[in-house]
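Trainee: I should like a close look at one part of this model, namely its pairing architecture and what lies across it. Please set it out in a single connected account.

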Amino acid sequence: MDPARIFDEFPAPEYRGNQRQALADIRDAFAAGNDVVLVRAPTGSGKSLLARAIAGCARTAGEAGAEEVIDAYYTTPQVSQLDDVAEDPLLSDLEVIRGKNNYDCILPGETDTPVDQAPCARERKFDCQVKHRCPYFSDRAIASNRPVAAMTLAYFMQTAGSDVFGPRDVVVIDEAHGLGDWAEMYATIELGPETVPVWEDTRPQAVDDLEDAAGYAQRLADVGERRVQELRQQEELTPEEVAERDRLNKLRQDLSWFVEDYRDPESVTTWVVDQPEGEGGSVTIKPLDPEKYLKHTVWDRGQRHALLSATILNKEAFCANVGLDPDNVALVDVGHTFPVEHRPLYDVTQGKMTYEHREETLPKIARIVVRAMQHHPDEKGLIHCHSYAIAEQLESLLVDFGVGSRLRSHDSEDRDGQLTAWKRSDDPDVFLSVKMEEALDLEGDLCRWQVICKAPYPNTRDSRVAQRLEDGQWGWYYRTALRTVIQACGRVVRAPDDHGATYLADSSLLDLFERARVDMPDWFAEQVDRMAPPDLPAFDPASALGGGGSGDSTGDSASSGRSRSRSRRRSSGTSPMADVWDTE
């Protein structure tokens, strides 16, 4: 890696905000010998452009010795972030490769078949005469030979150990703040009727501890191996059998890794296991410390790494979570250039939104949402509902108030289509969203105001969360929630001349700000310090309908927002991160 090239490799014709200083600081951090540089850059810093400049510093073929690795990877956990990179003309030399299920076969009669179910996947000894023109294998070949290959983090991890995408000189990870959490979730093994094709023949007995889990995992892997061998002996498979084979192969790999790691006395991974329904019920095996997993899938894939995010809140804690030595890691802080008055926070807290208080608090929040709709009659709004249960209850309350014609919502199956339809609409609709705090660009009139309904603390009923809290890791608990709030606040203010209001409705958010103050970036602390109650109009639903609204004008159907267009990216739906990761 030659950090001195970083300015020459910057792809934009001119610098914006603090980009020049950021590049200089990143250059100096790598030049000082750090193997990993964390770049904490707020919304609007142009992180993708910084990432491209860093990747351009990778050793080239002309500079490398016979045994030295060359070139770079760009990767991000967010599918939408990769989409943005693919569409950015300044990043056209990043060669994007996606999973097989995103490409269609080109053989006659198979043009609606995704490549992962095409004849080459179905038929034993199938010899594809047009493989060189296959969109997937073509993109893969091109990406493997380009200086910067771009892919989702899921695909990047899955290709660990592959001959096609071997180690490179530099790995750049964009939106890297949740790397440890995503690795834990991606490495989680879900065993149940939806994920185990041979489930009916392998239902578990009571799994009371990890030893029981390891024994069951080994038995399941053995049964899966026999079934895969049966499928391999067939001359041709149906698409369903192809999917079964692929799921079993992935399952066997995951189970073997768990058993091997659990049996390894030197492993640093802590595992937990859940079987909520008891004997015969589904089993979930989860890693708490993904250090070993990340070493193989991420850290061994490059000699130098750059990790970019607005919300890497604590260097030491982040390094501990992902298995890095903080002595070999530098942190570069990029200042915020958006005027603080353009990104105000407003205190409209109505009480706690914990489960035991929600029934009392949510109706009050619904009234606040109506008043915010009145205050923004001709502007789009976004409601961060935190969960589908809250979204459904809130939508029902708002429809009862008579403002349903201005609402849009989604479920887990149609989120992309509904989001796209809302963004494209010129009406001042209000979108009730779930898990859209990250990777959502709502610049300008796409959205001018938003409400955060609930402090986004991790679910304490999750065994990983419970174990961490039992171990006293309350700092992690508060940082995780704060990180999500900061990410959410960045959705509606995307440029120095942009502006958007964020209303905080859960009183637990105020407590969170106090508890996590030490880890709060200065630019966000400035927003918190300026927070005050807004001047909202008195409750009058009739005046909340604004100048438009694309739903049923009678507002008598809580599901009207879900009946619109449902175009969406094809997804396997088998990953717990399917809403975030392109997992194939």
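Mentor: Helix H11 (residues 315-322) lies across strand S1 (36-40), S9 and S10, and runs at about 135° to S10. Here helices (H or I, at least four residues) and strands (E, at least two) are DSSP runs numbered from the N terminus; contact means heavy atoms within 4.5 Å; and axes are lines fitted to C-alpha atoms, for helices over the stretch in contact, with angles from 0 to 180 degrees between N-to-C directions. This is a predicted model, in which local features need pLDDT of at least 70 and side-chain atom pairs count only at pLDDT 80 or more, while totals for chains, interfaces and linings use all residues. Residues are numbered from 1 along each chain as its sequence is written, and side-chain values use heavy atoms, leaving out hydrogens and water.

The strands beneath this account belong to an open sheet of seven, ordered S3-S4-S2-S5-S9-S1-S10 with parallel pairing. Its edge strands, S3 (95-96) and S10 (329-333), each pair on one side only; two strands pair if DSSP finds at least two bridges between them. Within this sheet, S5 (residues 168-174) and S9 (residues 302-309) are parallel and share six bridges, and Asp174 has Leu308 of S9 as its bridge partner.

A further open sheet has six strands in the order S11-S16-S15-S12-S14-S13, again with parallel pairing. S11 (345-347) and S13 (407-409) stand at its edges with a single partner strand each, so one side of each has no neighbour in the sheet. The twist averages 20° from one strand to the next. Four bridges join the parallel strands S12 (residues 381-384) and S15 (residues 449-452), with Gly381 opposite Trp449 in S15. Helix H13 (residues 388-400) lies across S12, S13 and S14 (430-433), at about 160° to S13.
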